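Work through these exercises with the model open beside you. Try each task before you read its solution.

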Amino acid sequence: MKGYSSKKLSLLFLIIPLYVIGINFVPQVTVLNSSNIRIVDAKITTPNSDLKFWSLNDGEDKELHYSIFQKEGKYRYDFYLNSNITLSGECGFVKNFEFGKRVIFLVSDDKVIYSSGKSVVCETFEI
């Protein structure tokens, strides 16, 4: 019984560092709601990943990770606001093997700002 427990413990000490290292190298997208309106549904798409953030209250942020295996392309987004307005567009650029990339989409009442080192106001359409 004692040997079985030490095997589990050794495996645990191996898995936890690998998980921490892996999370820090996988690309991440954060959505920050800085509007005065609740985001009912938020979706960001990369060429090979669909990221669904669900709802975000004013001031709330959520982050998701996506695969490092990507075709080159842009981030596409749809933010469905509680006011029956949808903010849609594309911004930024996705490449294959972007280890540790961090991207932020800041959503205000009428615009979306993309940040990955420097901030850019995205061309956004209200639907």
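**Exercise 1. The disulfide**

Is the link of C91 and C122 left-handed or right-handed about the S-S bond?

Solution. Keep in mind that this is a predicted model.

1. Search for disulfides. The whole structure holds one.
2. Identify the partners. C91 is joined to C122, with S to S at 2.4 Å. That fits the cut-off of 2.5 Å for a disulfide.
3. Read the angle. It is -95 degrees about the S-S bond, and the link is left-handed.
4. Place both ends. C91 sits in strand β6, while C122 sits in the loop between β9 (119-121) and β10 (123-126), so the disulfide ties together parts that are 31 residues apart in sequence.
5. Check exposure. C91 and C122 are both buried.

**Exercise 2. The open sheet**

Find the order of the strands in the five-strand open sheet.

Solution.

1. Trace the sheet across. The order is β4-β1-β7-β8-β9, and the pairing is mixed.
2. Find the edges. They are β4 (61-65) and β9, each of which pairs on one side only.
3. Follow the twist. From one strand to the next it averages 20 degrees.
4. Zoom in on β7 and β8. These strands run antiparallel and are joined by four bridges. One residue pair to look for is V107 with its bridge partner V112 in β8.

**Exercise 3. A hairpin**

Through how many residues does a hairpin join β2 to β3?

Solution.

1. Look at the turn. The hairpin connects β2 to β3 through two residues.
2. Check the pairing. β2 and β3 are antiparallel, with six bridges.
3. Pick a pair. W54 in β3 stands opposite A42.

**Exercise 4. The nonpolar core**

Which residues touch the most other members of the largest nonpolar core?

Solution.

1. Start with the members. This core has 22 residues, and V29, I44, Y75, F79 and F105 touch the most other members.
2. See which strands contribute. At least two core residues come from each of β1 (28-33), β2 (39-46), β3 (49-56), β5 (73-81), β6 (86-94), β7 (102-107) and β8 (112-115).
3. Find the main supplier. β5 gives the largest share, four residues.
4. Take I44 as a case. Beyond four places in sequence, its contacts include V29, L51, F53, Y75, F79 and F105.

**Exercise 5. Two neighbours in β1**

Is V29 buried or exposed? Then examine Q28.

Solution.

1. Locate V29. It belongs to strand β1.
2. Apply the cut-off. Buried means under 20% relative accessible area. V29 has 0% relative accessibility, so it counts as buried.
3. List contacts of V29. Outside four places in sequence, they include I44, L51, K62, L64, Y75, V103 and F105.
4. Compare sequence with space. V29 and L64 lie 35 residues apart in sequence, yet their C-alpha atoms are 5.5 Å apart.
5. Move to Q28. This residue is also in strand β1. Its relative accessible area is 11%, so Q28 is buried.
6. Find its polar partner. The side chains of Q28 and E63 make a polar contact at 3.3 Å.
7. Complete the surroundings. Leaving aside neighbours within four places, Q28 touches E63, L64, H65, Y66, K101, R102 and V103.
8. Add a general point. Side chains in a regular strand alternate between the two faces of the sheet.

How values were computed. Residues are numbered from 1 along each chain as its sequence is written. This is a predicted model: local features need pLDDT of at least 70, side-chain atom pairs count only at pLDDT 80 or more; totals for chains, interfaces and linings use all residues. Side-chain values use heavy atoms; hydrogens and water are left out. A nonpolar core is a set of buried Ala, Val, Leu, Ile, Met, Phe, Trp, Tyr and Cys residues joined through side-chain atoms within 4.5 Å. Buried means under 20% relative accessible area, exposed over 50%, partly exposed in between (1.4 Å probe, protein chains only). Contact means heavy atoms within 4.5 Å. Two strands pair if DSSP finds at least two bridges between them. Axes are lines fitted to C-alpha atoms, for helices over the stretch in contact, and angles run from 0 to 180 degrees between N-to-C directions. A polar contact is a pair of N or O atoms within 3.5 Å; within protein, one must be able to donate a hydrogen and the other to accept it, and residues adjacent in sequence count only if both atoms are side-chain atoms.
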